[in-house]
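Please open the model in your viewer and keep the sequence beside it. The tour below goes from one selection to the next and says what is there at each stop.

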Amino acid sequence: MTTGTAIGIDIGGTRLRAARVTGGVIEARASADSARDPAEVTARVLELVAKVRNEAVTAIGIGVPGQVHAATGRVLSGGYVDLSGFDFVGHIESATALPVALENDATMALLGEAAYGAAQGQQNVVMLTIGTGIGGAILDQGQVLRGRGAAGQLGHIGIDPQGRKCVCGKIGCVETTSSGTAFGVHLAEAGLPPDTRAEDLLTRSDPNARAVIHAWAAPLRAAIDTLIATLNPDCVLIGGGAGTPAHAALAQFPARDSWFKAAVLAASLGDDAGVIGAATTALKNRPHKRAVFVNGVPASGKSGVARALSDATGWPILALDTVKNPFLTILPPGDRLFNRTLGRASYAAIFDLIADAPANTTVIIDAWFGFQPIETLQAHIQRAGLTEIAEIWCHAPPETIGARYTARLGSRPAGHPGGDYVPELVTLAQGAKPTGLAPRIEVDTTKPINAKPLTDWLGNLWR
């Protein structure tokens, strides 16, 4: 899981919105009017951060309009709020002393929907956000499609070579026909009041109402059809401030029967998609330390699972016995209490090693985590600076576990419990449970070990 709390910021053409987010849940909100001047936007964003920040916040994510080169944190272009050529990330990081993740606003919305909304579990998704303009973003095999750095400007798909000039310099972009701004233009051309809502027009059948909806939604359908044919996605999401009426309007222009098909869905997080996606991205992009807990009672098969996972990923194994056994080999044999004391020290040493490891380290911990109180483990996790953890629970029938333990008695250093421990171990296996502190996958170790389901699961969990 991605642990922690972050602030998500969504910079729009009319409003700036901030939220403190933990686990996809918004805990606090604040908003302010937007502005054209980059310095003024920066000042207002910092005011919003101060309103929602608490001691748990560890990162900030910001979605901005226009082209963004995410790898460098540079804004390449913008519309109403143009932050290009302005060290926006530098100003925010300097003022808050927190790491900042910057993405295009539609990309943040898509990442929010992929993590907690309508696109959960989908690897290939196209999103269009309908607002002041039209934003866009693409997930390809679970990763944001970036091209040379800023792909996904879907509002600038050409749908009418004889159409209106777009702010990007081209003619006939779908943004000029199907954005919230364009809807206002269509209302004016039809002689309708500027405060007329699309939802109201959808219930009417008079020529003016039908003409406005056609002018607004038919080009959007054409753009969506082009995207489906080009990208072959699992689904297309429609979101943004005007996303709900736009999705409803598309029902009047169903896709034609074609080779190219994909579901067109309404985004489920509404206006919160951007701030949730920004906060989630901030947590994932911050310097991290990850651990996979390969957990199970002694002789449950966890060491084989840990080795298979390490071979598949290259992540190092920190095993309780690996730390403890050299001491049992060198020191005089001790009693059961000595073994448990050495086990507690080895357990602490594993997390000391993680604490000293560099940022962006991932390790596999092979241990029976149930031999110490859960509060001890929680303290170790915090001390080590772990930002994400996952648990693999290894199990087998208790009798099998007892037989395994008996079979390896001759190969273990003196100091480990002997054969008299087997009945106790069988009883332990009957009631042993996972830690419950992290997302979990279970492995029946009586079957051949296959690392691929584990790596696939971890890839989806930490993507």
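Helices, here runs of at least four residues that DSSP assigns as H or I, are numbered from the N terminus. With that in mind, select helix α4, which covers residues 175-178, and find Ser178 within it. Bear in mind throughout that this is a predicted model.

**Ser178 and its surroundings**

Is Ser178 buried or exposed? Ser178 has a relative accessible area of 0%, and it is therefore buried. If you now show the residues around it, leaving out those up to four places away in sequence, you will find that Ser178 touches Ile130, Ile134, Trp216, Pro219 and Leu220. Of these, Leu220 deserves a second look, since the side chain of Ser178 reaches the backbone nitrogen of Leu220 at 3.4 Å.

**Two cysteines**

Next, select Cys168 and Cys173, and display their sulfur atoms. The sulfur of Cys168 has its closest cysteine sulfur in Cys173, at 3.7 Å, which is too far for a bond. A disulfide would need the two sulfur atoms to lie within 2.5 Å, and by this rule the structure has 0 disulfides. The surroundings of each cysteine can be described as well: Cys168 is partly exposed, with a relative accessible area of 40%, whereas Cys173, at 0%, counts as buried.

**The open sheet**

Move on to the strands β14, β15, β13, β16 and β17, and colour them in that order, because it is the order in which these 5 strands form an open sheet with parallel pairing. At the edges you will find β14 (317-319) and β17 (440-444), each of which pairs on one side only. Following the sheet across, the twist averages 20° from one strand to the next.

Zoom in on the edge formed by β14, where β14 and β15 pair in the parallel sense over 3 bridges. Here Ala319 stands opposite Asp366, a residue of β15. Then add helix α16 (residues 451-461), which lies across β13 (289-295), β16 and β17 and runs at about 155° to β16.

**Aromatic pairs**

For the last part of the tour, show the aromatic rings; the structure holds 8 aromatic pairs. Begin with Tyr347 and Phe371, whose ring centres are 5.1 Å apart and whose planes stand at 70°, so that the pair is edge-to-face. Tyr347 belongs to helix α12 (residues 336-356) and Phe371 to the loop between β15 (361-367) and α13 (374-384), so this pair ties together parts that are 24 residues apart in sequence. Tyr347 counts as buried at 1% relative accessibility, and Phe371 likewise counts as buried, at 15%.

Now select Trp368 and Trp393, which form a tilted aromatic pair with 6.4 Å from centre to centre and 50° between the planes. Which parts of the chain does this pair tie together? Trp368 lies in the loop between β15 and α13, while Trp393 lies in strand β16 (residues 388-395), so the parts joined are 25 residues apart in sequence. Trp368 is buried, with a relative accessible area of 12%, and Trp393 counts as buried at 7%.

To finish, select Phe293, Tyr347, Phe351, Phe369 and Phe371 together, since ring pairs link these residues into a cluster. Tyr347 and Phe371, the edge-to-face pair visited earlier, are among the members of this cluster.

Technical notes. Residues numbered from 1 in each chain as written. Predicted model: local features only at pLDDT ≥ 70, side-chain atom pairs only at ≥ 80, totals over all residues. Heavy atoms only, no water. Phe/Tyr/Trp six-rings, centres within 6.5 Å; stacked < 30°, edge-to-face > 60°. Helix = DSSP H or I, 4+ residues; strand = E, 2+ residues; numbered from the N terminus. Buried < 20%, exposed > 50% of the residue type's maximum accessible area, 1.4 Å probe, protein only. Polar contact = N/O pair within 3.5 Å; in protein donor to acceptor, adjacent residues only side chain to side chain. Contact = heavy atoms within 4.5 Å. Pairing = 2+ DSSP bridges. Axes fitted to C-alpha atoms, helices over the stretch in contact; angles between N-to-C directions.
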